[in-house]
Amino acid sequence: MLVDGDARVACVTPAARVQGRAVTTLVGLDPAVCATLAETLVATGGSQCGFCTPGIIVRLAALRAKGRTTPTDIERGLAAHLCRCTGWQPIVEAATEWFAAPEPVAGAPAPAATRDLTAAGRRAELESGGFQRVGITTPLGDAGFADDTAPRDALVAIPRPPGATVATVTAAGAEWVVGESLDAARRLAGKTQGRRTTVADAAAFALPECPPGGVRLATSWVEPAYLEPDASWCVPDGTPAGPLANGGAFGGKVGSIAPAAAQELAAALGRPVRVVFAREDVVRLGPKRPPMAGSAVAHDGRVEVRGVAAGPLPVFATPYAVGLDVAWTVAEVAGPPVSDALRAVGLAEQTVLTEAALDAAGWDRADLVDERAARVLLDTVARSADGALAGARVEIDAATGRVSGVRVRVDAGDPLDEIVLRSYVTGAVHMALGWVLTEAIAVDPDSGEVLDLTIRSFGIIRPQSMPPVDVEIVASIDTPRAAASDAVFAAVAAATWNAITRADGARPERFPAVDSRAARMLRR
């Protein structure tokens, strides 16, 4: 929102601080500003689920009004926001293009559509795994998010915070504090703001024994960090609203308890009920990528992968012309829930270990990778479960250790819409770099309690630290293949691990590789 013309983050601005001042939200902006900026975001792929972009539109409008339109101004302005979907680059491109355009004029006709937005929506659905619309209403936040559509007179239920002694109602296997409003429920529960812990993150499992000539790796707990918290609502004897109105969440909401809780609570209380998660609830209750510890060795025309994981890791076919012998053991470990529905789970872990084993064995990639992805020499290749292929090269500046660029080549069959596909690819690159280099959350090893409860504590790469991403999409009329961004995630993660070294020149043996030069540069 704007407070006397200055952009402020509404959710952390006390109402008392704006008393007597002019407050402007998205709907109060000049319609021409909203329309032209929304069109530009759609044209660059700068909006996917649409939850973050209303705030970004307000921010960019304020920057333009104040003449702060340099690349540095854009990156600093976006630092107050989070777009987990796009990897920032399409949003920066949209801002740059919009700032260079003439001043928006009220009543000016919208530019003629040159894209098939139905096809664009199909590609978005293939990448997100659920319904997703593409059009100018999406970046304006008009995607029908669950909590936006709830009856305003509904009771509000929130998960019981740890240690709260207030009366609760049990539903969907959890305890809920119920009030007449969100504020009332939070006051009853005694909710306190989440904090960033001073406890260091750690791998859930110790590094395994490594066979001669092999490699090993242990990963930490990481937060999916989708921006829209879980929410649902239901009337008695009704069907609950889903928490995924327009894609998003990267698989993190597939098993959300919010809809079942809303339905059970409405039936038990005889009134409409809104279920609303705070950020702390999302982090405590939402599923994480299963942490693992594994080793791999390449010999006799095969790659053997062995390891232990805190939950299921599905077995994917190897993308190489070599055998892949995989054996994962599932083990109990204190921590939050895990899910194999999250982006590229299993595919990324096995690609990273397989690539590292091939690299350690000195195998020639040109003899191994699928020819469709090898037309341009790339360091790693991964294939999604649906057959989409991605190759990646991560470039490291020798002087600074910084990741100076990422090249990606994608074969997703018929791309349907290259803008949407490219947007998903850059988002997958952003997440893969973060998984390898910077992202982790601290978890108490005894109780399993998550200790990092704020977005800023997750280690997500900021706009000003994100390296440029060059995306090449293979032209094809083949059947469209899904989850190309999963293959990108896996390929970029493997290429990053192959490219980085610790200060002593050795390969890091845990994610995030915070002891690497590249991680230190991205965390600045």
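# Close-up views of a predicted model

The lining of the largest cavity has 7 nonpolar and 5 charged residues by class, and no polar ones. The model is predicted, and the legends below start from this cavity.

**View 1. The largest cavity holds about 170 Å³ of space.** Its lining includes the nonpolar residues Val222, Pro224, Phe250, Leu342, Met431, Trp435 and Phe489. The charged residues of the lining are Arg84, Glu223, Arg289, Arg343 and Glu439. Rolling a probe the size of a water molecule over the atoms shows where empty space is left. The structure holds 4 cavities of 30 Å³ or more.

**View 2. The second largest cavity has a lining with polar residues.** About 140 Å³ of space lies in this second largest cavity. Its lining counts 15 residues, and Gly45, Ser47, Gln48, Val134 and Val420 lie nearest the centre. By class, the lining divides into 6 nonpolar, 7 polar and 2 charged residues. Helices α1 (31-44) and α10 (418-437) each supply at least two lining residues. Helix α10 gives the most, with 3 residues.

**View 3. The whole protein chain sets the context for the close-ups.** The secondary structure comes to 12 helices and 17 strands. The C-alpha atoms fill a box of roughly 70 × 60 × 45 Å along the principal axes. How does the radius of gyration stand against a compact globule of 524 residues? Such a globule would have a radius of gyration near 24 Å, and the protein chain has 23 Å, so the two agree. Of the 524 residues, 53% count as buried. Among contacts between residues at least 6 apart in sequence, 72% join residues at least 24 apart.

**View 4. Three strands form an open sheet at residues 2-3, 6-7 and 23-24.** The order is β2-β1-β3, and the pairing is antiparallel. Strands β2 (6-7) and β3 (23-24) are the edge strands, each pairing on one side only. Strand β1 (residues 2-3) pairs with β2 over 2 bridges. Leucine 2 stands opposite alanine 7 in β2. Strands of a sheet pair through backbone hydrogen bonds, either parallel or antiparallel.

**View 5. Strand β16 pairs with β15 in the parallel sense.** Strand β15 covers residues 403-411, and the pairing runs over 5 bridges. Valine 408 has valine 471 in β16 as its bridge partner. Which residues of β16 point to the buried face? Val469, Val471 and Ile473 point to one face and are buried. Asp470 and Glu472 point to the other face and are not buried. In a regular strand the side chains alternate between the two faces of the sheet.

**View 6. Alanine 225 and alanine 483 have positive phi values.** Most residues other than glycine have a negative phi. Phi of alanine 225 is near 60 degrees. Alanine 225 lies in the loop between β7 (215-219) and β8 (231-234). Its relative accessible area is 0%, so alanine 225 is buried. Phi of alanine 483 is also near 60 degrees. Alanine 483 is found in the loop between β16 (469-473) and α11 (484-499). Is alanine 483 buried or exposed? Alanine 483 has a relative accessible area of 17% and is therefore buried, since buried means under 20%.

**View 7. The peptide bond from phenylalanine 511 to proline 512 is cis.** Omega of this bond is near 0 degrees. Most peptide bonds are trans. Proline 512 lies in the loop between β17 (510-511) and α12 (517-522).

**View 8. Alanine 331 lies in the loop between β12 (323-330) and α9 (347-361).** Its relative accessibility is 24%, so alanine 331 counts as partly exposed. The class runs from 20% to 50%. Which residues does alanine 331 touch, not counting those up to four places away in sequence? Alanine 331 touches Phe205, Val308, Ala309, Ala310 and Gly311. Alanine 331 and alanine 310 are 21 residues apart in sequence. In space they are 5.3 Å apart, C-alpha to C-alpha.

Definitions and conventions:
Residues are numbered from 1 along each chain as its sequence is written. This is a predicted model: local features need pLDDT of at least 70, side-chain atom pairs count only at pLDDT 80 or more; totals for chains, interfaces and linings use all residues. Side-chain values use heavy atoms; hydrogens and water are left out. Two strands pair if DSSP finds at least two bridges between them. Helices (H or I, at least four residues) and strands (E, at least two) are DSSP runs, numbered from the N terminus. On a 1 Å grid over the protein atoms alone, a cavity is a set of points where a 1.4 Å probe fits but cannot get out, and a pocket is an open set with protein on both sides within 12 Å along at least five of seven lines; lining residues have an atom within 4 Å of a point. Grid points are joined across faces, edges and corners, and a volume is the space filled by probe spheres set on the points. The radius of gyration is taken over C-alpha atoms; the globule rule is 2.2 Å times the number of residues to the power 0.38. Buried means under 20% relative accessible area, exposed over 50%, partly exposed in between (1.4 Å probe, protein chains only). Contact means heavy atoms within 4.5 Å.
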